[in-house]
Every structure is written in structure tokens, then in C-alpha cells.
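Here's a quick walk through a protein model, written for someone who would rather look than calculate. Keep the structure open while you read.

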Amino acid sequence: MKIDEIISFLESRANPSLQEHYDNAGLIAGNAGWDCSGVICSLDATEEVVKEAIVKKCNLIVAHHPIIFGGLKKINGKNYVEKAIIAAIKNDIAIYAIHTNLDNVLHGVSGKMAQMLGLQQISILAEKDNTLKKFFTFVPVDNAAAIRKAIFNAGGGNIGNYSETSFNTEGTGTYKAGAGSHPFAGEIGKLHQEKEIKIEVIIPAYLESKIVSAMKDAHPYEEVAYDVVSLNNSNQLIGSGVLGELQEEISEKEFLGLLKQVFNLSIVRHTIFLDKPIKKVALCGGAGSFLISRALAVGADAYITADIKYHEFFDANNRILLTDIGHYESEQFTINLLQDILEQKFPTFAVLKTEVKTNPVNYFLG
Ligand SMILES: [Zn+2]
């Protein structure tokens, strides 16, 4: 199997166009055309993980964090980034990063945290705008079913938990075929009327070209009429953080105990107890301070994230229990998520989890 096949599948779950503008997700080292000997999933593609990949004969590391983030001007092994890249290139190890694109899908980094906590009715905490489009096309009645199918197969027509959604109206299309044309029906130079169906579907903006070309391939007309319109609707499947509910409300103390148990924590940093039970929980893997105001706005009882700064703890305003469980700790199950995604698709292929604990942060508990 080529590395390209693995990347394509990962990108069908978290399209690279969903990454944030500052990010550097994608194939960081190596060649997508290589045959893949095995995959190691990790949070960080450090030199230790590259060495592990060599020993375990896996020539692809699928990591959450891009090891090259801010660009490299020299590669002489002076820091951990350069060391990892040199080791990867010398040993023909490919490094692929699936970062904020995996943060920005419902069943991504935060969705996995919610699953581990047993949250119910999960939804995106901050949905992204301008990620949806409306797509219309006009097709002969007898071809409508096949063209709808092509559009759905290419990723159109998904709304929340519903797939294959469309609206269809019947009408009459007209055309006059010109010299050199090969009309589907009617004669050259004569006005033709054709009973047509107008198919309307919602599509993710990033799939526009894929859906247009799938529709064109299935369409019998030489010149296909279609419209793509940008929408202001937010997208229920794309955005950052996750909101969900515990099966039953629990006390703040019990909640912190649950976090310690599920995420295997030695400590939790948190704001003052408000003597309020916890049921509605917002969370975001990694550095999620930017969603504190959103967690407050949706009325969450608690917000779980990492990398909260001193002054940001004040933003709780005695209205929410803010908890900082550590960056690595919050994202640790992303390794399992990546392995699960790949094993489902490639059940007989070697997909390993790293045994290197790449967390650079330690806690001294005395
Ligand atoms: Zn992170």
C-alpha cells in the first residue's frame, strides 16, 4: 500500500482545508508515493518516535502536532525539530501531521475526549461560518436518481445526523444546440424542451470541486448547468471544541475526580467551586482558552481544556468551573483515535501506537 492511500483516507475524515491559517498540517517529510511498511500514531513526531519507527519497521509516522510549525531556516540538528527531521530524512521515514483539521471536526480530538468521558448528545461548541455552500443542478428526469447518488457519494447532502438530503422540483429546461454540438436530445439548430429536475443540496465548501466533477461525470449533457452559492449558515459538523452532557449531574468534586480517573492525571488546575452540580460540559483538546467565552455563552457548567493562563482563569467570572488538565493529557486519546480510524479502514495493516511518552511537562508531587 502506498502512503498516499493512508493520507487520502485520513483526509476524508479531516480535510486539510479545515486547518487553521497558522497551521502546517500535511505531509511534512517523505514521499506519498512510497510503499508503506507500517504506521506509528503519536501526538508528537520527536526524534525518539522516529527511532521507534525505525526499530518497528514503520516508515510512516502519523502525528497530531506538526513537527515543523514555524518554518526551518537551517537544518543542522541544533534543536529537537531539526533532530527529528534529520533522523526522518536519513532513514526514509515519512511524517504526516493531522492537526487543527482534526480539531475542527465533530469526531476529532475533542469528540474523542467527550467519548472517553461518556458525554451524550455531543455537538460542536463553536461552529465555523462560511464552510457550507448550496449546490443546484438541472438534470433530465430519468437521470435524476443517478446524479443525486453521485453527489451524495462525493460528500454532498449531509446535515447533522442526516445524509442524502436534497430538494427536487420538476420543471422544463430549454436549449438550442449549436453547430458542432452533440445534444443529448433534440436536433441541432432547433429549440428543444426537456422535462428536468432541479436538484438542490447543501455541500461542504471544501468538497465543491469534487462534487461538481462527480455530478458532471454522471450527467448526460454536454454542457451542464449548475450553480454554487455561498451560505452564511454555520456547519454543525465543523468547528472547534465539543459540547455534551454527563448522563447524570455530579458534584464539582466528583467531576474533578472523574477527570483524574479518565485522563490519568496527578493534578487538575481549576477555578473556585461554585457549589453547582455539573451536567453540561464543554471541552477542547489542547490550548483552548479562546473558547472560554463560548463555553460561558452556551451555559456549560464546566469547561475542560489546557494551557489556560493565569489571567484567563479570571474569565470564569464565578459562572463556570474552568479546568486545565494539561495539553498532552487532554490530547492523549488522539493517538487511539488515529489508530482506530486507520484500523477500521485497513484492518490487516500494521498500525501501532507510539510507546514513547512525548509529554515534555512533568509534575513534582513531593
Ligand atoms: Zn495540541
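A word on pairing before anything else: two strands count as paired if DSSP finds at least two bridges between them. Keep in mind, too, that this is a predicted model.

With that in hand, take strands β12 (residues 278-287) and β13 (residues 302-306), which run parallel and are joined by four bridges. Leu283 has its bridge partner in β13, namely Ile304.

Both strands belong to an open sheet of six, ordered β5-β10-β12-β13-β14-β11, with mixed pairing. Which strands stand at the edges of this sheet? They are β5 (120-127) and β11 (269-270); each has a single partner strand, so one side of each is left without a neighbour in the sheet.

**The chain as a whole**

Stepping back, the chain has twelve helices and 15 strands. Its C-alpha trace spans about 90 × 55 × 40 Å along the principal axes. Of the 366 residues, 49% are buried. If you take contacts between residues at least 6 apart in sequence, 71% of them join residues at least 24 apart. The accessible surface comes to about 18,400 Å², and carbon and sulfur atoms own 49% of that. On the charge side, there are 34 positive and 43 negative side chains, and the centres of the two sets lie 3 Å apart.

**Strand β6 and its neighbours**

Now find strand β6 (residues 132-140), which is mostly covered, with seven of its nine residues buried. Strand β8 (residues 191-204) runs antiparallel to β6, and nine bridges join the two. Strand β9 (residues 226-230) also pairs with β6 in the antiparallel sense, over five bridges. Phe136 is a handy spot to see both pairings: its bridge partner in β8 is Glu200, and in β9 it stands opposite Asp227.

Lys134 lies in β6 as well. Is Lys134 buried or partly exposed? It's partly exposed: its relative accessible area is 22%, and buried would mean under 20%. Leaving out residues up to four places away in sequence, Lys134 touches Glu200, Val201, Ile202, Asp227, Val228, Val229 and Leu231. One of those, Asp227, is 93 residues from Lys134 in sequence, yet the C-alpha atoms of the pair are 8.0 Å apart in space.

**A helix late in the chain**

Helix α12 (residues 334-345) has twelve residues and reaches 17 Å from its first C-alpha to its last, close to the 16 Å expected at 1.5 Å a residue. Its buried residues are Thr334, Ile335, Leu337, Leu338, Gln339, Ile341 and Leu342.

**Two loop residues with positive phi**

Finally, a couple of backbone oddities to look up. Asp92 has a positive phi although it is not a glycine, and Asn317 is another non-glycine residue with a positive value. Here they are side by side:

| Residue | Phi | Loop | Relative accessibility |
|---|---|---|---|
| Asp92 | about 55° | between α3 (80-90) and β4 (94-97) | 47%, partly exposed |
| Asn317 | near 50° | between α10 (310-313) and β14 (321-324) | 52%, exposed |

Why do the two get separate labels in the last column? Exposed means over 50%, so Asn317 at 52% counts as exposed, while Asp92 at 47% is partly exposed.

Note on methods:
Residues are numbered from 1 along each chain as its sequence is written. This is a predicted model: local features need pLDDT of at least 70, side-chain atom pairs count only at pLDDT 80 or more; totals for chains, interfaces and linings use all residues. Side-chain values use heavy atoms; hydrogens and water are left out. Buried means under 20% relative accessible area, exposed over 50%, partly exposed in between (1.4 Å probe, protein chains only). Contact means heavy atoms within 4.5 Å. Accessible areas come from the Shrake-Rupley method with a 1.4 Å probe; for residues, only the protein chains shown count as cover. Lys and Arg count as positive and Asp and Glu as negative; His and the chain ends are not counted. The place of a charge is taken as NZ of Lys, CZ of Arg, CG of Asp or CD of Glu. The expected span of a helix is 1.5 Å times one less than its number of residues.
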